[in-house]
Amino acid sequence: MRGDDGLALEAASVAASQMRHQVQLQCVNGNVADLVNALSEAPRIIVVDATHGAGEPGSLSRVEIVNGVLQSMPHDTARVSSHGLGLQEALGLAATLGVAPGKGVFIGMEGASYELGQPMSDAVRSGLPALVATLVEEAARLSATKRRVQELAAMGIDCGQLQSCNAEDLAL
Amino acid sequence: MKTERTIKVDYLARVEGEGALDIVVTAEGEVTDCRLRIFEPPRFFEAFLQGKSREEVPDVTARICGICPVAYQMSSAHALEAAAGVHMGEPIRTLRRLLYCGEWIESHVLHVHMLHAPDFLGYESAISMAADHGDVVKRALRMKKAGNDLVDIIGGRSVHPVSVRVGGFSRPPRKRELKRLLPDLERTLDDALDVVKFFATLDFPDKEIYYDFVSLSHPDEYPMNEGKVVSSKGPSVTFDEYEDHYREEHVAHSNALHSRRVGGGTYHVGPLARLYHCMDRLHPTALQSARECGVPLPTTNPFVSIVVRAVETVHAVAEAIDIINGYNEPASALQEVPIQAGRGCWATEAPRGLLYHSYDVDESGSIVKAKIVPPTSQNQPQIEEDLRSYAPELMDLDQEDMTWKLEQLVRCYDPCISCATHFLKVNVIHPPVSSG
């Protein structure tokens, strides 16, 4: 209904159906409380959202999340997401409360228009398959890390927080 | 010696949307400039609705606000049913109250804890507050989730619910779905009672304002979906008479329209107004909590709104529990609403206050004209009046503390700038072309 604002939900829905691993899909409003509740429900997380001011329309941003902290920003602003209250604030609050995901990644796609009543832009529409593929790859990467952690645990190597992962621990 | 003070906040923190605040106070304590500037871009929802089928309106208006979509759905559905001359009976009436309870819980908990509490506890943000008051914030997140779950079950999803229809709900919730929510709601009620006690112990600035409180009032229930529009300084009016008594106007410094009484007076909508008119109709558990909290209620002190929102949270949770315990699952919760030409006006109580909608519908059920007056448009002139009154009292404070206090006063209203900028009438004035 609002241009490219729905790109994340569309891509995540398609990606979740293609993932071999059990993934919990959550649609979350931009308010900080709901974001923290969502972030606290899985030790590994993939966050996908539309971005504004992070490149050409349709381009992808990728930022690692480690122990509740975004590791770098694609441009010089704290707000990557198109929402007023950003992921950064929610991660900060989750980290303060000790409920932040141990590992994850933010995947963003730059939107062209967020105008009411406008359809999704051509740039974003044509970029959606790449976004879906990226999400599927990221889920596989995070799950592979989980398997490696389990292998290491079996060898008696302590990996801390990641040791408790199971098939339901990945949220998209 | 006192000197002229200029307060300039370029980006108001902890409010929904983008706004700024400019105040100039002379050394003599005269406020020469006071502007709550709303610069978030307008979104033209009313124009967008023209030509749409009436069935689309609840879903479209829900997108005006991510915090209070239910309020927009309730006001629009009721107004469109009124345009067809239909009034909703049971079970729709009760289910709509239950859905609204969920939104009140969500919205009040978010504002009280994440946006307003840091003001009173001396923190820049909820993040810094959480370091010292982690249990308070965790409790708030738990309570917020209980509200989300309620909206999710009845509305089909917690973000922009999809089950609300003109005429009721596309699907009534299953009894077992609602029963599953009871343990969390019972815990949330205990939490909400603790929240009232906790915030009632805060140190509130001494500021009483003789407001014109405007809210819905219903003889039998705390106001949400039905009643008349009552005023502490004016007549009670029906929804059809609302626009004869309250009128929006454009002001140069704001992208949001300002609503005033016809004749120019400011007025105050929201929890303080609801409690002022309807405290005796609170749920008994909430009424007891209000009477025993140690803060005199109702109140005309805007800073005490944080306690009033906490009391209303108790009400919403307690009423939700009662409704669920008495719920008998109906086969349908959808009533027939004939398609016919007409005009319908209605207001409901959004968490932030009165939300008025009116629609002109043609014989095919398409929208000819829409008007939406959100709470923040109604409160904005009052906020500026409050600031004009409060700023001279703060002249002994240093710049930082004075700014903090004035921002805190704005946040007492829980302004939703995203809602307020849903429409702007744009007048483009072309200068005359010189012939020479």
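Is D122(A) buried or exposed? I would like to open with that residue, and before answering I should say that what we are looking at is a predicted model. D122(A) is exposed, its relative accessible area coming to 67%, and this residue belongs to helix α4 of chain A. If you follow the chain from there to G58(A), you pass over a separation of 64 residues in sequence, yet the two C-alpha atoms lie 8.7 Å apart in space.

Let me step back to chain A as a whole. Chain A contains four helices and five strands, and, read from the N terminus, these elements follow the order α-α-β-β-β-α-β-α-β. Chain A has 172 residues, of which 48% count as buried.

Now to the salt bridges, of which there are 32 when all chains are taken together. One of them is in chain A, where the side chains of R141(A) and E64(A) come together with a nitrogen-to-oxygen distance of 3.7 Å. Because R141(A) sits in helix α4, residues 122-154, while E64(A) sits in strand β2, residues 60-66, this pair ties together parts of chain A that are 77 residues apart in sequence. As for how open the two partners are, R141(A) is partly exposed at 28% relative accessibility, and E64(A) is also in the partly exposed class, at 22%.

Turning to chain B, R93(B) and E221(B) form a salt bridge through their side chains, with 2.7 Å from N to O. This pair, too, links distant parts of its chain, since R93(B) is in helix α4 of chain B, residues 92-121, and E221(B) is in the loop between β6 (214-217) and β7 (228-231), with 128 residues separating them. E221(B) counts as buried, at 13% relative accessibility.

A further salt bridge in chain B joins E248(B) to K371(B), whose closest N and O atoms are 3.3 Å apart. Here the partners come from two strands, E248(B) from β8 (residues 246-249) and K371(B) from β12 (residues 367-373), so the pair connects parts of chain B that are 123 residues apart in sequence. E248(B) is buried, with a relative accessible area of 17%, whereas K371(B) is partly exposed, with 22%. I should also return to R93(B) and E221(B), for they belong to one network, held together by salt bridges that share partners, which takes in R93(B), R97(B), E221(B), E226(B) and E319(B).

Which residues, then, gather in a patch of negative charge on the surface? They are E124(B), D398(B), E400(B) and D401(B). Of this group I will pick out D401(B), which is located in helix α13 of chain B, residues 399-411, and which is partly exposed, with a relative accessible area of 39%.

Finally, a word on the cysteines. A disulfide is, in general, a covalent bond between the sulfur atoms of two cysteines. How many disulfides does the count give over all chains? The count comes to zero. Two cysteines of chain B may still be worth pointing out for their surroundings: C68(B) is buried, with a relative accessible area of 3%, and C293(B) is likewise buried, with a relative accessible area of 13%.

To close where I began, the residue to find in the picture is D122(A), which is exposed and lies in helix α4 of chain A, the helix that also holds R141(A), the partner of E64(A).

Methods. Residues are numbered from 1 along each chain as its sequence is written. Chains are lettered from A and ligands numbered from 1 in the order in which they are written. This is a predicted model: local features need pLDDT of at least 70, side-chain atom pairs count only at pLDDT 80 or more; totals for chains, interfaces and linings use all residues. Side-chain values use heavy atoms; hydrogens and water are left out. A disulfide is a pair of cysteine sulfur atoms within 2.5 Å. Buried means under 20% relative accessible area, exposed over 50%, partly exposed in between (1.4 Å probe, protein chains only). Patches are made of residues with over 30% relative accessible area and no salt bridge: like charges are joined within 9 Å, nonpolar side chains (Val, Leu, Ile, Met, Phe, Trp, Tyr) within 5 Å. Accessible areas come from the Shrake-Rupley method with a 1.4 Å probe; for residues, only the protein chains shown count as cover. A salt bridge is a side-chain nitrogen of Lys or Arg within 4 Å of a carboxyl oxygen of Asp or Glu. Lys and Arg count as positive and Asp and Glu as negative; His and the chain ends are not counted. The place of a charge is taken as NZ of Lys, CZ of Arg, CG of Asp or CD of Glu.
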